[in-house]
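Please look through the structure below with its aromatic rings in mind, and follow how some of them are placed relative to one another and to the surface.

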Amino acid sequence: MTDTRRRVKVYTLNEDRQWDDRGTGHVSSCYVERLKGMSLLVRAESDGSLLLESKINPNTAYQKQQDTLIVWSEAENYDLALSFQEKAGCDEIWEKICQVQGKDPSVDITQDLVDESEEERFDDMSSPGLELPSCELSRLEEIAELVASSLPSPLRREKLALALENEGYIKKLLEIFHVCEDLENIEGLHHLYEIIKGIFLLNRTALFEVMFSEECIMDVIGCLEYDPSLSQSRKHREFLTKTAKFKEVIPISDPELKQKIHQTYRVQYIQDMVLPTPSVFEENMLSTLHSFIFFNKVEIVGMLQEDEKFLTDLFAQLTDEATDEEKRQELVNFLKEFCAFSQTLQPQNRDAFFKTLSNMGILPALEVILGMDDAQVRSAATDIFSYLVEYNPSMVREFVMQEAQQNDDDILLINLIIEHMICDTDPELGGAVLLMGLLRTLVDPENMLATANKTEKTEFLGFFYKHCMHVLTAPLLANTTEDKPSKGNAALDRQCCLLILKHIQNEYIKSLTAHVIENYWKALEDVDYVQTFKGLKLRFEQQRERQDNPKLDSMRSILRNHRYRRDARTLEDEEEMWFNTDEDDMEDGEAVVPPSDKTKNDEDIMDPISKFMERKKLKESEEKEVLLKTNLSGRQSPSFKLSFSSGTKSNLTSQSSASNLPGSPGSPGSPGSPGSPGSVSKSTSQMAAITTKVIFNRNSLTSLL
């Protein structure tokens, strides 16, 4: 059985003063020849790789916090922490550290945090422990001066902290606070403010545990209301007791968990609202406060996750039709905050967290919530959905494909997302942009899994084109039923259309090129303000020529290997030059083809995979612009309702995979996609069947152009 005593999480403090998880493993201490000393080693429990190798430096200050944490700094801006699963393991490693440094294991910090002058160090070391003045009202000014004078010196801070711990001094100070308030002794209250603020800057976990206890925390906040720099005292306690109400959306039966939630909220409030903005010097002296809050949140998420009854009741009430709107909004907001807290977990625990939510039915619950009329509830549900998509898009894809076997297309989760994106009432389209990003993540083949038994590219993209594409394109089709677009910006719509056709030309999608020329050439041959259609026609005729004279293919194939050896930078430069060319500056009748096509006529016979690989470095900004314009042109009023004939759905092929954007889902030969060029060709023809039926109907194309 695995020894859990030495099971630890490794954390590092980033530039934003937040703890980043580095993994879970088992810690040991041994002599490392390379480091010439006793060292702490942490090996990952997953694969045995080395997560941490740190020599126990005799002069490094190690701090023991909350019985299960050891924190230290290895460089000026590199803080480390080990979070132990069990107190016994923490004590065992702490004894090893103290043994190396020659310290008594009963201390919570082994060294001074910064160096001092030799003279000052000698004076402090030769002097006995710090003696505090008696805790009396008449001596508050003396106490405040002692605290202020000790802060610049690490040794004096250490002695002051030990004196405060050993004599129970903080509780005595809080008793005097009540006396000062009863007597309205403002001068004494100002001294207490300075004393308590100084104690925070001692950065000592043992002192925080006293100050943040249920017995003391509100009095500590009270002391911090009387800032001498302000003309009037603040009302922090009044806010926490009367305005900020703790409401249990689901009853919490564990008293320890409930107390931890109260404590974390109040300590977070102290950090954000009560304490003055720290200086650069003081910021480093509050690192223990940041750590206290961080590890409290980790503990809260873990305790809630383990409470099966709590989560069962939560999801049951979320999906119950009898739950009133106010209650449901509270439940959704709690779940949103719960997911936000989970971001503090290490990857392994985050895996377990989202797996637990998935098993409890979070996706069916979100589907119910997104179908409701309450905009605030839907907004919170969208935020929760974003956590799930960003964490594990494959989990969401699997769910929507499974539900398609039982539900109609109109009520599928992904179609609800599309509908809310289309019908966003926000003038700045904030919600629509968020949903568009989530949708793009779901259909992005670059994050799809491919195993021996399963290929998401094939399964999900086939599902999407069969069950969802008609929903996504509905606004376009609805807007082009007449001879001209009924809504929107005609110039912009003409441009959502030219980009699609240019993509067909650039990627040379043969089936779609043939479809456009054979069915729409008479309507398009007079369009001369761009050369896109003449370029398509030229490609089409070249293809016909090769079909009539197959010897051309065998001769040109000899050149293909030479083409593959061209410098990638040359390809990129040519593409950049072509995309920056102003079409209006070209001579009439000139076909729009990339410069590489002009120099080598065999370019047009390259198979789809090589064509895609040459263009996969298109600028991200151009792709975003296409998506934005597509979204804007498809926007409908809030009253827009989606309705589709069964004929449209029945004509869609389930195995197709395609896209209208460069490098997007279904593009021929996406990197990592399985299959030979022959399989890609099949996929391309299936894609043509979908796109032809959904997008290229005669009214929509000719009316837009």
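Phe310 is buried in this predicted model, because its relative accessible area is 3% and the limit for that class is under 20%. This residue is a useful starting point for the aromatic rings, among which the count comes to 19 aromatic pairs. In one of these pairs, the ring centres of Phe310 and Phe334 are 5.5 Å apart and the planes stand at 70 degrees, so the arrangement is edge-to-face, given that angles over 60 degrees are classed in that way. Since Phe310 belongs to helix H13 (residues 308-319) and Phe334 to helix H14 (residues 325-341), the pair ties together parts that are 24 residues apart in sequence. Phe334, for its part, has a relative accessible area of 21% and is therefore partly exposed.

A further pair is made by Phe353 and Phe354, whose rings are also edge-to-face, with 5.1 Å from centre to centre and 80 degrees between the planes. Phe353 is buried, with a relative accessibility of 1%, and Phe354 counts as buried at 1% as well.

The residues described so far come together in one aromatic cluster, which is formed by Phe310, Phe334, Phe338, Phe353, Phe354 and Tyr391.

A ring can also have a charged residue over its face, and here Arg397 lies over the face of Phe460, at 5.8 Å from the ring centre.

Key
Residues are numbered from 1 along each chain as its sequence is written. This is a predicted model: local features need pLDDT of at least 70, side-chain atom pairs count only at pLDDT 80 or more; totals for chains, interfaces and linings use all residues. Side-chain values use heavy atoms; hydrogens and water are left out. Rings of Phe, Tyr and Trp (its six-membered ring) pair if their centres lie within 6.5 Å; planes under 30 degrees apart count as stacked, over 60 as edge-to-face and the rest as tilted. Helices (H or I, at least four residues) and strands (E, at least two) are DSSP runs, numbered from the N terminus. Buried means under 20% relative accessible area, exposed over 50%, partly exposed in between (1.4 Å probe, protein chains only). A charge sits over a ring if NZ of Lys or CZ of Arg is within 6 Å of the ring centre and within 35 degrees of the ring normal.
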